[in-house]
Amino acid sequence: MLKRVANHWFPNSVINSYGQVFFSDTKLFAILIAVITFFDFFTGAFGLLAILITNALAYWIGFDKYKIRQGFYGFNSLLVGLGLGIYFEPGPLLILIIILAGAFTLFLSVTMEGVIGKYALPYLSLPFVIALWALTLASREFMELGLSERGIYTLNDLYIIGGGPLVKTYEWFNSIPLPSSIRSYFLSLGAILFQYNMLTGIVLAVGLLIYSRIGFTLSLLGFYLSLIHISEPTRPY
């Protein structure tokens with residue numbers, strides 16, 4: 001029984017949880033997203049842990065297996081795991097919080113599916129937003145949960161992981177002569193997965209372009225419309 005479950009629903013539920021972040025059922029694109037989340041290893045690991053906890057709990061409780069397999073419950077937990085993983089230092093306490101976060105996000109998703117879904121409206125990433133804010137506020141009570149310093153000394157972190165070649169690759173990507181708006185687009189795209197660097201945005205943009213030219217075009221359109229709105233001067237009243 002366990003072997004049958006592992007062979008059928010489990011791998012698909014994990015992979016599809018990554019793809020659902022961009023509304024994709026394409027396995028290769030989902031795997032690319034999964035790899036990108038591990039550009040910061042601990043962030044990726046906690047995101048994966050959140051998916052595993054959520055999907056396993058959903059299956060154990062007896063929720064709709066189709067929704068589990070398609071990643072409908074896992075993708076919000078993935079985002080919560082990535083958010084907590086990037087903001088806090090790794091440790092046993094954070095692992096416990098991620099486990100609780102996976103369960104909390106699952107119940108939020110199911111609740112919103114029942115409340116909002118009955119009006120034929122999608123709940124999208126609302127469980128992620130609510131869960132991350134709630135857990136971030138609650139984390140102030142845990143004195144042993146320190147804020148992460150990863151990213152402050154980015155070059156040092158990269159040198160530890162891959163030495164000089166990785167540092168040079170990172171600097172090369174950051175030194176690509178691009179208009180500031182294009183650079184901001186890549187950074188914004190990477191920030192969806194809590195990866196704040198050009199490399200992530202470029203790889204994700206290429207993957208999105210291959211997976212869906214319409215999706216890629218809409219991402220550009222949405223970004224530049226918001227950029228125009230922000231850059232508009234405030235009218236006096």
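Is K67 buried, partly exposed or exposed? Select K67 in this predicted model: its relative accessible area is 23%, so the residue counts as partly exposed, given that buried would require under 20%.

**The salt bridge**

Keep K67 selected and add E113. The two residues form a salt bridge, with 2.1 Å between the closest N and O atoms. Side chains of opposite charge can pair when their charged atoms come close. Now colour the two helices involved: K67 belongs to helix α4 (residues 65-70) and E113 to helix α6 (residues 92-115), so the pair ties together parts that are 46 residues apart in sequence. With side-chain nitrogen and carboxyl oxygen required to lie within 4 Å, the count for the model is one salt bridge.

**The nonpolar patch**

Next, select L126, V129, I130, W133 and L137 and switch on the surface. Together these residues make a nonpolar surface patch with about 460 Å² of accessible area. For a single member, pick L137, which sits in helix α7 (residues 126-138). The relative accessibility of L137 is 45%, so this residue is classed as partly exposed.

**The whole chain**

Clear the selection and show the chain as a cartoon. There are 11 helices and zero strands, and the order of elements from the N terminus is α-α-α-α-α-α-α-α-α-α-α. Colour by accessibility: of the 237 residues, 40% are buried. A surface view covers about 13600 Å² of accessible surface, with 71% of this area belonging to carbon and sulfur atoms. Finally, draw a contact map. Among contacts between residues at least 6 apart in sequence, 68% link residues at least 24 apart.

Key: Residues numbered from 1 in each chain as written. Predicted model: local features only at pLDDT ≥ 70, side-chain atom pairs only at ≥ 80, totals over all residues. Heavy atoms only, no water. Helix = DSSP H or I, 4+ residues; strand = E, 2+ residues; numbered from the N terminus. Buried < 20%, exposed > 50% of the residue type's maximum accessible area, 1.4 Å probe, protein only. Patch = residues over 30% accessible without salt bridge, like charges linked within 9 Å, V, L, I, M, F, W, Y side chains within 5 Å. Areas by Shrake-Rupley, 256 points an atom, 1.4 Å probe, with all protein chains shown as cover. Contact = heavy atoms within 4.5 Å.
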